[in-house]
Each structure stands twice: as structure tokens, then as C-alpha cells.
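I opened this entry to look up how the chains meet and where empty space is left inside. Notes follow in the order I took them.

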Amino acid sequence: MSQISQAKASVVPSAAAPSTGVAAPMAAAGGVNWRATLEAIVLPTGAVIVALILFLLFCFTQGASPAGVFAAIYKAAFGSWYSFQNTLVRASPLMLTALCTALPARLGLVMIGNEGALVVGGLAAAAAGLAAQSASPLALWAIMILAGMAGGGLWISLVGILYYARGVNETISSLLMNYIAIGVLNHLVNGPMRDPASLNKPSSFPIPDDKMLPTLGSSNVHFGLIFGIVCCLIAWVLIEHTTFGFKVRIIGGNIRAAKMAGLPVIRIGLITCFLAGAAAGIAGMVEVAAVHGRANESLAAGYGYAGILVAFVARHRGLPIIFVSTLLGGILASGGILQRQFKLPDATILVFQGLVFIVILFSDSLYGKFKIFKEARA
Amino acid sequence: MNGESIGWWGVVIGIFAGALRGGTPFLLVSLGECLTEKSGKINLGLEGVLLMGAMSAYAVSYKTGSPWVGVFAAGFAGAVLGAIHAFLVSRPKVNDIAAGIAMLLFGSGMAFYLGKPYVQPSAPQLPGIPLGAWSHLPQVAAALKISPLFVLGVALAFAMRWFFQNTRAGMQVRAVGDAPAAARAMGVSVSRTRFVCIVIGSALGGIGGAHLSLFYPGAWTEAISSGQGLMAVALVIFARWNPVQCLTAAMLFGGAQAIGPSLQAVGISAGYYLWNASPYVLTLVVMILTCSNKRTLIGAPGALGAAT
């Protein structure tokens, strides 16, 4: 047991983790601290607005009318049911990959292996799906989800094992494992799993068309959205409202205290890592089963890295992740229209994401600076 | 020029050439990261810096016709991004890693945005130093045509070691990274030292980007970097925060990156993509072997990444 506290001290950047807002003051037991809750809503919202203003100024310097750009983003993201469907399709993988950073963050770990976990989950789901393609659709999806969860979950658990057993910094190892996952993906779809018919873009054999994950009703939104929302809600309940979550938050707040209290730090840590990776693995499964129909390099489309952004903006909490993902999904969905209507390159959206992230981080340093959010002292 | 005429030597020369050419950006970003980390901060945003440097160097070289002005512009662009990062991480409660990822998104976004018009035109390249002119083998001559920025990097690696060991300013940087409270008590400004280190480190990262767009591979595309900037953090751990070992590590990584293509050149394409992942596997293995949860890594700055 004594190795744990030193594990914390021996690795490089994770010592800073509790300062990310991860271990934000918990509401006093019994009652909800409304002022703190309000602060946690107002500051990020304000930060997003400031980032939006900065972004519109940037567009202005590039000769695009700020009002026009704002209207176009709004219209493309939330303007009509059709465009909102597009937003939701992009939001669902973000919800799932965000959990991959958010859950370990509550333990005090900065995990950025989202992209790798998504890729491995997608690969595992594709492999399992191809092996079981004669099964009924429902059974096939269940098998693919389980395979995706196992793939992503074990991938991130490995990061956790290295951390707890050897003190290997989890941020660096999860980053390295992203590249390893993409190497394995390319190897498999160019070699053992390759469908000879896929010439331009080497891919695995496809999942049968009639067994793809269906869309919801008559919309274009596929079942991934349900998975995303359900997983975020489960994560929210698990972390905020169960004993397990309470233990996770104690470990994240003060690992020494957690050990003194006799908590099984390693077991809780590894379970959390597994759940985090499993969420990203489901995102990979959805990409395979609902979007691409096969595993190929499109799996590594950057949803993992965007998920890190979502997790930080949502302060690693399940419920806000749903909303932040929807917002970011809308921003991503508006990339096309900015390109067509304003001749702004597609990288504009990346600039916007960067700005949002920078301002959000800056706003983290403002917690406790405004008197209005302070608890009135009796 | 085909690899088969010299058989397996082609593989060896290819890997060696890769170490020199492909290792240069690794070298410059890892030196930048080393300086940053010695002052106690981490910059994961060097990937954005690298891309921004590559783009600026290419654009400016194209506009002015002088690649050297391009290199300068790359350093400047890196320094600007570094200043934003330094400001962010100097704030209370801001996590280094998160700030790095934000700067990664912002820097690469800006590079792709501003670099859009420069994907097509070809910019004047940096001249190579033909150290291999003595050889009649074109492969050897090509492998030894080294980048002037590689020479700069090697000189910087030794200069930086000397700086850390023998100069007052270097010791102050180390003090700030090891024990900020003690440094502050000595009258050293922790925040100013860190600011300067992060800005200079980012400038080096930007120059590493200039090597990508102005020497090898020598063009500006959005796919020009294969994560060299992100790897800087791992490289510095690999090099134990020692600038001269950054040189070794960068060569090793450059060489490892070239294994796949070199084998392919002699007709062995099995495991091509797995070989591409070999630098990352290598780093992970080294970390597993050398890390321990009973002590800190040898050479790691004491206050690295700690919240201030």
C-alpha cells in the first residue's frame, strides 16, 4: 500500500492534476452549495462567450462579418431540425470519448489516451462483428459493444496498471499508446484484416449492410447518441451519487487520506480506468457499426482529442458533458458552411476550439475571485 | 539510385540518414522541452508550435525568397505561442497538460488556417551541407547531406549543457525547477524565469518546424508532422533532462522512424506500420523499465509540473 503515495510523487506532471478543478470543493454533505454550483455554471459559460467574441473578432480581421459568421454557425448547428441532427451525430462520439478523460480526472489522473481507446475499441468491435456476422442483428450489436468496451477498457487499464505498478506517468503513456493504437490499426487494415476490394482506403471487411446500427426513427441520428447520453448519465450517477464515486473523489482529492481510510486505491483506480476506456471503446464501436461500416483509418478522426477538450470544459462531470458535447458538435458541424459561405478554411473550427480551451483554462484560475459566489459567512 | 543495388547496406544507410534528417526536429523540440522542463513547467503544446513554425518558415521563405528569414520567422512564431502558454500556466490552478493540449489545438488550427494558401507554391529550401561529397555512392552522399539546423541543434545541445552546469543563469533555471521556494528566497523571480524558458523553448520548437518544411521532407502540408512535437515530452524523459542525451534520443527516434521506409525500399514491407509505431513502443518500454514508484526519476526537476 505504501507505494501508492509515492507513486503520486514520483511521476512527472500528474502531481498537478488535483489543481485542474478536478478536485473542486465538494458540496457540503447533505446540502447543495448553490453559490458554488452557480459559479461552476457561470464561469465556463462566460468563458465560452468570451471565446466566441474573440473568435468573431478573429473572423472580422479575416474580412468576414462577425454577425454573419455567428448567424451561420448558429444556423448550421442548431438552426433547423435537419442541421441539429448533424450536430447530434457529431456530439455522440464526443460524449463517449470525453468520459475517457473525465472519469480518471476525478481520480487525479490526466488521461489523454481517448483516441487510442476509440481506435482499439473500434478495431475490437469490427473484429468481433466480422467473426459473428451471422448472428441476429441484436446479438451482433451486443457482441460488438462488449468487444469495443473490452478493447478500449483494457487499453486504458494498461495505462492504469503501468501507473500503479511502475509509476509510469499516465499522461505520457496514454499519449504514446494513441500512436501505438494507430500503428496497430494501420497494420491490421493493411494486412491481416484487409478487404482486397478496398483499394484507395485500406479497410477491414465490411459489416453486413442490413446489420448496421440503425438510426433513430426517421432521423439521421444513429443509436450512438443514446449510448452517449446513457453513458454520461451513468457516469454522473456513479461518480456523484454512489459510494464508489465518493471513493473515487476522495482518492482524487487526497490520495494519502484515501489510503489512511483504507480505501482499495489500486482496485478503484483500475476499475475507473477500465470504465473510461470502455466508454471510448463504445465510441469506436459506434463509428464502425453506424458510420463507416468497417474499420479503417477514419477511426482516428480526432474525436479523441476533441473529447479531452469537452471533458475539461465540463469540469469532468457527466451531466455537463452531454451539453458541452452538443455545443462542440454544433461547432464542428458548422465547419462546412464557414468554408462555403465565407471562404474560411476548415481549420477555422480548430482555431475556435483552441480559443475556447484557452479561455476556459484561464477561467479556471478565476474560481473564488468573485465575491458574489462566496458562501455568506455567518 | 535504387536501394537493391547496395542490398542490406541500403537499410543501414537509410536508417542512418533518417536519424540525421528525421532526428533534427526531434532534437530541436526536445531541447526546447528540456529547457522548459528544467524550469519546472511542461509544454505539451510543442506540436502546435512545430506546425506553426513549419508553416511560418515556409510562408516567409516563399514571400522573401530567403529560407533563413523563414527560420527566424519560425522561431518568432514559436516564441509567440510560447508566450501564450507561459501566461496560461503562470495562472493559479491551470494545469500544464491541459494548457498544452489547448495550445496544441490552437497552434495547429492557426498553422492550418494561415498556411492554406501555401500548400501549392514551392518555397526556397535551406541548403544542405554536403559532408558526403567524398563518397561515390549516391545513397551515402545523400545521407550525409545534412541540415544546417542539425548542426545548430548539436551545437545547442552542448551549449545548453554548459549553460545549465556552468553559468549563473543556468543554475537559476535549475533552482527554479527544483525548488521554486528556495529560488524565490534567493531573490530569483520564479515566474519571470519560467516565462523566459518557455518562450525560448517554444522558439526552438518553431525552428524544429522550419526543418520540416524547409529541409526534410521540405514542403508545407497539413500532415507534415507525425507527432514529433507531442513526443518531445517523452524524449526528454528518455534523455533524463540532459541536453546532450537529447541528441542521442533524437537520433534514436529519427532512426527508428526510418526503419519501416528503409526496409520497404529493399522490398520488405511486412510490418511497415508496426515499425512506424516503434519509436513510441521504445519510449514506453524505456519508461516501464526505468520508472519506479519508489523514487522519482533520476534527473527530473523537483518541482516539475507541480501546482504553484
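I started with one charged pair: Asp346(A) and Lys116(B) form a salt bridge, with 3.4 Å between the closest N and O atoms. The model is predicted, and I read that distance as a computed one. I then asked how many salt bridges there are between chain B and chain A. The count is 1.

Next I looked up polar contacts across the interface of chain B and chain A, and found 7 residue pairs, both residues of each at pLDDT 80 or more.

I turned to the side of chain B that touches chain A. In chain B, α4 (67–90), α5 (96–115), α11 (228–238), α13 (272–276) and α14 (278–290) each supply at least two residues to it. The most comes from α5(B), with 13 residues. By class, I noted 37 nonpolar, 11 polar and 4 charged residues on this side.

For the whole contact, I recorded 57 residues from chain A and 52 from chain B. The two chains bury about 4,800 Å² between them, and 75% of that lies on carbon and sulfur atoms.

Last, I searched the whole structure for cavities and got 6 of 30 Å³ or more. The largest cavity holds about 80 Å³ of space. Its lining includes Val48(A), Leu309(A), Ile331(A) and Val356(A). Two elements of chain A, α12 (303–313) and α13 (318–333), give two or more residues to the lining of the largest cavity. I noted α13(A) as the source of the largest share, 4 residues. The lining has 9 nonpolar residues, no polar and no charged ones.

Terms used. Residues are numbered from 1 along each chain as its sequence is written. Chains are lettered from A and ligands numbered from 1 in the order in which they are written. This is a predicted model: local features need pLDDT of at least 70, side-chain atom pairs count only at pLDDT 80 or more; totals for chains, interfaces and linings use all residues. Side-chain values use heavy atoms; hydrogens and water are left out. Contact means heavy atoms within 4.5 Å. Buried area is the accessible area (1.4 Å probe) that two parts lose on being put together, summed over both. A salt bridge is a side-chain nitrogen of Lys or Arg within 4 Å of a carboxyl oxygen of Asp or Glu. A polar contact is a pair of N or O atoms within 3.5 Å; within protein, one must be able to donate a hydrogen and the other to accept it, and residues adjacent in sequence count only if both atoms are side-chain atoms. Ala, Val, Leu, Ile, Met, Phe, Trp, Tyr, Cys and Pro count as nonpolar, Asp, Glu, Lys and Arg as charged, and the others, Gly among them, as polar. On a 1 Å grid over the protein atoms alone, a cavity is a set of points where a 1.4 Å probe fits but cannot get out, and a pocket is an open set with protein on both sides within 12 Å along at least five of seven lines; lining residues have an atom within 4 Å of a point. Grid points are joined across faces, edges and corners, and a volume is the space filled by probe spheres set on the points.
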